[in-house]
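Reader: Got a minute to go through this model with me? I'd like to start with how the helices pack.
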Amino acid sequence: KPYEKDKSDGVWKLTESGGTVGWFIRESRAKLEGVDLSVMPPCGVYQDTRFQGLAVTPKAMATRSRQISDIIAKSVQPDVIAFQEVSGTQAVIEALGEHASQYRVCSHDAKFKVQRLAFAWKKEFGEPAEACATIDALALPALPEAQQVRPGFQMGLRIDGKLIRFMTVHLKSGCVSPLDRGRLDGNSRKDDPCPVLQQQVQPLEVALENLGSGNTSFVLIGDVNRNLWHEANEVVGAKAVRSDGSSDLTKTRSQETLTQNLLKEINDGVPASSKATLLELTCPGNEAMQALCTRSKTEAVARKELAPLASKDGLGCRNPVSLDQVLVSDDLRSKVLEARKVAIGPYGRSLGPTDTKPDPLLAVSDHCPSLVTLSL
């Protein structure tokens with residue numbers, strides 16, 4: 001639909017003729033008449049390589065859904081899947097495609113904003129031993145509704161008689177590393193996201209402690225939007241220290257005391273049942289590709305330099321490294337057979353329509369799957 005911006009109130013309003021088609025409005029989080037983009041922002045893959053908006057068509061969506069299903073079935077072959085940025089249960093079923101009948105699915109439909117979390121798991125594992133539930137504290141409910149972020153999502157499965165808890169997260173974006181304008185204890189620019197992520201540290205620590213309660217094995221996986229390897233390696237600006245100068249992260253922290261290091265703050269080993277191991281996700285490809293993957297754990301590698309890793313001949317996704325993380329309880333560390341990124345190749349590109357192909361090509365995702373294999 002065509003819109004024109006009303007200069008009096010800044011709202012893009014429907015117009016009979018002329019104007020700009022909604023898909024092509026470049027303004028970030030524009031206010032559109034009849035569309036609440038604070039609740040329902042367009043997916044990032046609905047943009048081409050130059051970040052120009054694409055007008056999505058039903059055929060383009062159908063093609064994308066089929067490609068997602070192919071990747072899940074052929075490249076990942078998962079028993080348990082943790083999803084981020086889905087609108088709910090039905091979206092996951094569509095993503096699983098012809099394989100949906102093999103899985104049980106849960107999400108928090110109609111709760112929180114549209115970028116929801118979900119799980120799918122093979123039906124052979126039965127009903128969840130612990131029901132799927134949101135971790136509301138991670139959404140920062142004390143903030144005004146428009147500023148609230150995403151919750152956590154958790155469930156438990158009994159596998160060979162042993163309870164394993166799974167938690168998926170999608171933390172505040174934009175505060176990736178102190179090496180790239182992302183000091184967790186900083187506040188350096190307008191709408192700096194780091195103070196928001198800082199507020200998520202304490203409820204995330206509580207959630208991790210609850211995951212391990214009763215000496216239960218657990219997996220925490222998702223889009224952390226933070227390069228936890230920079231924190232594991234304590235790069236400049238991510239030391240295991242607080243704003244009051246203290247470095248004993250096992251001690252209770254006041255709300256006014258900021259931390260530099262999310263990973264070591266939440267994973268302080270107290271209680272012992274909450275101790276987790278950050279898994280190193282390896283990258284496929286030649287030595288140059290793997291070297292880029294390794295460099296990203298200690299350096300802020302420029303997006304231009306990461307281009308080979310993000311290309312169709314590398315991992316294929318726009319955000320190939322640094323954002324997605326996996327932690328497992330320490331008792332599962334010896335049971336990890338592999339932990340790696342899965343390449344999506346040409347499926348990671350979004351391309352505009354052409355004279356011969358009137359429908360755009362939509363990337364399956366701007367992230368690549370993270371695959372962990374456990375021997376239980």
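**Helices, sheet and two single residues**

Author: Sure. In α1, S65, I68, S69 and I72 meet E94, A95 and L96 of α2; contact means heavy atoms within 4.5 Å. Helices (H or I, at least four residues) and strands (E, at least two) are DSSP runs, numbered from the N terminus. This is a predicted model, where local features need pLDDT of at least 70 and side-chain atom pairs count only at pLDDT 80 or more, while totals for chains, interfaces and linings use all residues. Residues are numbered from 1 along each chain as its sequence is written, and side-chain values use heavy atoms, with hydrogens and water left out.

Reader: What kinds of residues make up the contact of α1 with α2?

Author: They divide into four nonpolar, two polar and one charged. Nonpolar here covers Ala, Val, Leu, Ile, Met, Phe, Trp, Tyr, Cys and Pro; charged covers Asp, Glu, Lys and Arg; the others, Gly among them, count as polar.

Reader: And at what angle do the axes of α1 and α2 cross?

Author: Roughly 70°, with the axes of α1 (residues 58-76) and α2 (residues 89-96) coming within 7 Å. Axes are lines fitted to C-alpha atoms, for helices over the stretch in contact, and angles run from 0 to 180 degrees between N-to-C directions. So α1 and α2 are roughly perpendicular to each other, a label used for 65 to 115 degrees (under 35 is roughly parallel, over 145 roughly antiparallel, the rest oblique).

Reader: Switching to the sheet: in what order do the three strands come?

Author: β5-β7-β6, in an open sheet with antiparallel pairing. Two strands pair if DSSP finds at least two bridges between them. β5 (80-86) and β6 (103-107) are at the edges with a single partner strand each, so one side of each has no neighbour in the sheet.

Reader: How many bridges join β6 and β7?

Author: Five, and β7 spans residues 116-122. One bridge partner there is F119 in β7, opposite C106.

Reader: OK, Q325 next. Is Q325 buried or exposed?

Author: Buried, at a relative accessible area of 3%. The cut-offs are under 20% for buried, over 50% for exposed and partly exposed in between (1.4 Å probe, protein chains only). Q325 sits in strand β13 (residues 324-329), and beyond four places away in sequence, its contacts include L220, W229 and L278.

Reader: Last one, where is P358?

Author: In the loop between β14 (336-341) and β15 (370-374). P358 is exposed, with a relative accessible area of 59%.
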